[in-house]
Protein chains: 2
Amino acid sequence: MLRPSLLRLTRTIRNQRADMSITLGQLSALGSLEKSGPISAGELASCERVQPPSMTKVIASLEQRGLVRREAHPTDKRQVIIALTDSGRTLLDSERRSRDAWLLQRFSSLTAAERMLLLELVPVLDKLAEL
Amino acid sequence: MLRPSLLRLTRTIRNQRADMSITLGQLSALGSLEKSGPISAGELASCERVQPPSMTKVIASLEQRGLVRREAHPTDKRQVIIALTDSGRTLLDSERRSRDAWLLQRFSSLTAAERMLLLELVPVLDKLAEL
DNA sequence: TATTGTTATACTCTATAACTATA
DNA sequence: TATAGTTATAGAGTATAACAATA
């Protein structure tokens with residue numbers, strides 16, 4: 001059963017991150033921003049598969065920490081463009097370095113074949129998550 | 001990035017299930033119960049990677065729907081043994097039949113190789129989720 | 001009128017702390 | 001005293017509905 005397994009692994013990861021400074025949702029949004037470059041709040045919500053009001057909250061907390069900034073859209077004053085700041089990029093890098101201290105240690109319980117499988121599956125998961 | 005991908009796929013699945021009668025967490029607990037047979041509330045919490053109070057709530061809602069029942073532990077009166085009822089088993093079967101109407105349709109966007117990879121993924125995720 | 005984003009509000013999921021009953 | 005489970009309470013995370021500003 002794929003879905004329960006995903007759920008339980010997500011819980012394990014969340015528990016393990018309980019003492020971290022940034023939540024999984026905030027980190028995921030930062031990662032999407034880095035990948036996409038500056039995009040509108042609505043586009044970011046869509047990337048993250050959440051509704052706009054949910055993204056408003058995530059953006060507010062990231063902005064408060066100085067990890068992203070709001071910029072004006074060049075022609076459409078309704079839109080708010082969200083951009084990663086230098087601090088955001090720095091935090092993303094440091095999270096990346098520490099992220100898999102845990103995951104890599106956990107990887108040691110897997111066989112080499114299982115590890116390869118997992119690496120190849122990330123893009124497949126993203127494809128499944130698409131609308 | 002594995003963790004954000006897991007998070008986004010979980011969100012997609014949750015959105016898709018928004019109109020279902022049973023939540024993902026309840027379904028996952030039922031599945032664990034079927035796999036393990038009757039076990040104590042604490043053991044079930046541990047299987048599901050949640051704290052005991054969280055499991056208390058899940059069990060209460062499942063019991064109210066008649067999907068599980070509480071049984072006395074043969075020797076230890078503190079423990080509560082949770083067992084799947086016939087209704088619970090029936091619901092689990094019907095969820096299994098419908099679950100992949102969605103997932104299989106989603107599978108059509110994948111290549112044959114990607115589909116094969118995905119089938120092997122579940123046990124690897126479970127291994128990663130272990131303590 | 002339609003779209004983008006925010007505010008207001010509520011519900012679900014989860015946790016920790018305190019409590020009860022039993023070992 | 002220690003353990004299993006529940007109750008009380010609180011904090012994320014998410015959604016829908018209503019609103020404001022702009023197109």
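In the predicted model examined here, the secondary structure of chain A comes to six helices and three strands, where helices (H or I, at least four residues) and strands (E, at least two) are DSSP runs numbered from the N terminus. Read from the N terminus on, the elements of chain A follow the order α-α-β-α-α-β-β-α-α, and the C-alpha trace of chain A spans about 50 × 30 × 20 Å along its principal axes. Residues are numbered from 1 along each chain as its sequence is written, while chains are lettered from A and ligands numbered from 1 in the order in which they are written. Local features need pLDDT of at least 70, side-chain atom pairs count only at pLDDT 80 or more, and totals for chains, interfaces and linings use all residues, with side-chain values based on heavy atoms and with hydrogens and water left out.

Chain B can be laid on chain A with an RMSD of 0.2 Å by a turn of 180° and a shift of 0.0 Å along the axis, the copies being superposed by least squares on the C-alpha atoms of residues with pLDDT of at least 70 in both. That is the relation of a two-fold axis. The same surface serves both copies, since 100% of the contact residues of chain B recur in chain A, contact meaning heavy atoms within 4.5 Å.

The contact between the two chains takes 47 residues from chain B and 48 residues from chain A. The area buried between them is about 5,000 Å², of which carbon and sulfur atoms give 68%; buried area is here the accessible area (1.4 Å probe) that two parts lose on being put together, summed over both. Of the area that chain B buries against chain A, 16% is supplied by B:Met1, B:Arg3 and B:Leu128, more than by any other three residues.

Between chain B and chain A the count is seven salt bridges, each defined as a side-chain nitrogen of Lys or Arg within 4 Å of a carboxyl oxygen of Asp or Glu. One of them joins B:Lys127 to A:Glu114, with the closest N and O atoms 3.0 Å apart. There are also 20 residue pairs in polar contact between the two chains, both residues at pLDDT 80 or more; a polar contact is a pair of N or O atoms within 3.5 Å, of which, within protein, one must be able to donate a hydrogen and the other to accept it, and residues adjacent in sequence count only if both atoms are side-chain atoms. On the side of chain B that touches chain A, the elements giving two or more residues are helix 1 (2–16), helix 2 (24–36), helix 5 (86–107) and helix 6 (112–129) of chain B, and helix 1 of chain B gives the most, with 13 residues. The residues of this side divide into 23 nonpolar, nine polar and 15 charged, where Ala, Val, Leu, Ile, Met, Phe, Trp, Tyr, Cys and Pro count as nonpolar, Asp, Glu, Lys and Arg as charged, and the others, Gly among them, as polar.

Of the 22 residues around DNA strand C, A:Arg11, A:Arg70, A:Arg78, B:Ser54 and B:Lys77 come nearest, a residue being near a strand if one of its heavy atoms lies within 4 Å of it. Sugar and phosphate account for 70% of the atoms of DNA strand C that come within 4 Å of the protein. A polar side-chain atom of A:Arg11 lies 2.7 Å from a phosphate oxygen of this strand, and a phosphate oxygen of DNA strand C is 2.9 Å from a polar backbone atom of A:Gly42. At least two residues of the surface near DNA strand C come from each of helix 1 (2–16), helix 3 (41–48) and helix 4 (52–64) of chain A and helix 4 (52–64) of chain B.

DNA strand D is surrounded by 24 residues, of which the closest are A:Lys77, B:Arg11, B:Gly42, B:Arg70 and B:Arg78, and sugar and phosphate account for 68% of its atoms that come within 4 Å of the protein. An N or O atom in the side chain of B:Arg70 is 2.5 Å from a phosphate oxygen of DNA strand D. Helix 4 of chain B gives the most to the surface near this strand, with four residues.
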